[in-house]
Amino acid sequence: MATLILWRALLPSQNYHTYSITRNYSFTSKTMRQKLSIQEREQLLGPLLKENGWVLASGRDAITKNFSFADFNQAFAFMTAVALRAEKMDHHPEWFNVYNKVDITLSTHDCQGLSTRDIDLATFIDQAADTSN
């Protein structure tokens with residue numbers, strides 16, 4: 001019913017002061033995404049890792065893959081296709097681009113790990129990469 005927001009402001013005296021605001025919010029909650037089960041990891045994640053070049057990210061429950069294209073235009077076209085799909089899915093990748101290289105990491109923030117949304121987006125990303133090359 002109420003949400004408490006806290007933040008600290010550093011004043012010139014170097015003392016920290018804590019401020020809070022309490023408000024009533026009414027909202028519709030989205031369905032909370034579930035982490036992949038052990039069975040889903042074997043069935044859905046396994047092929048991405050074994051056959052498609054995705055790897056488990058170090059230190060977190062995420063997958064990552066590096067893509068290389070002929071030039072910047074191809075890389076940008078690929079990123080545009082992925083961005084449009086990600087926006088439609090409301091599931092956005094973490095990515096890094098330099099010239100013809102694109103590094104992508106996928107994880108679902110709602111469940112702090114991998115979900116079926118990551119599998120779906122990774123599958124689309126692989127298809128988009130094949131089309132872009």
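**View 1. Arginine 41 and aspartate 61 shake hands through their side chains, forming a salt bridge at 2.7 Å, N to O.** The two partners come from distant parts of the chain, 20 residues apart: arginine 41 belongs to helix H1 (residues 38-51), while aspartate 61 sits in the loop between strand E3 (55-56) and E4. Arginine 41 is partly exposed, with a relative accessible area of 26%. Keep in mind that this is a predicted model. Searching the whole structure turns up three salt bridges, and the next two views show the others.

**View 2. Glutamate 94 and arginine 60 pair up in a salt bridge, 2.8 Å from N to O.** Glutamate 94 is in strand E5 and arginine 60 is in the loop between E3 and E4, so this pair ties together parts that are 34 residues apart in sequence. Both ends are partly exposed: the relative accessible area is 30% for glutamate 94 and 38% for arginine 60.

**View 3. Lysine 65 meets aspartate 126 in a salt bridge, with the closest N and O atoms 2.8 Å apart.** Here strand E4 supplies lysine 65 and helix H3 supplies aspartate 126, so the pair ties together parts that are 61 residues apart in sequence. Lysine 65 and aspartate 126 are both buried.

**View 4. Zooming in on aspartate 126, we look at what surrounds this residue of helix H3.** Aspartate 126 counts as buried because its relative accessibility is 9%, and the cut-off for buried is under 20%. Its side chain also makes a polar contact of 3.1 Å with the side chain of asparagine 52. Leaving aside residues up to four places away in sequence, aspartate 126 touches Leu48, Asn52, Trp54, Lys65 and Phe67.

**View 5. Helix H2 (residues 72-89) shows its buried and exposed sides, with Ala75, Phe78, Met79, Val82 and Ala86 buried.** Those five cover an arc of only 95° around the axis, which puts them on the same side of H2. They pack against strand E4 (63-68), strand E5 (94-98), strand E6 (101-106) and helix H3 (116-132). Over on the other side of H2, Asn73, Leu84, Glu87 and Lys88 are exposed.

**View 6. The two ends of H2 get a look of their own, beginning with aspartate 71, which caps the N-terminal end.** One of the side-chain oxygens of aspartate 71 lies 3.2 Å from the backbone nitrogen of asparagine 73. From first C-alpha to last, the 18 residues of H2 reach 25 Å, close to the 26 Å expected at 1.5 Å a residue. Just after H2, aspartate 90 adopts a positive phi of about 55°.

Key: Residues numbered from 1 in each chain as written. Predicted model: local features only at pLDDT ≥ 70, side-chain atom pairs only at ≥ 80, totals over all residues. Heavy atoms only, no water. Helix = DSSP H or I, 4+ residues; strand = E, 2+ residues; numbered from the N terminus. Expected span 1.5 Å × (residues − 1). Buried < 20%, exposed > 50% of the residue type's maximum accessible area, 1.4 Å probe, protein only. Arc of directions from axis to C-beta. Contact = heavy atoms within 4.5 Å. Polar contact = N/O pair within 3.5 Å; in protein donor to acceptor, adjacent residues only side chain to side chain. Salt bridge = Lys/Arg side-chain N within 4 Å of Asp/Glu carboxyl O.
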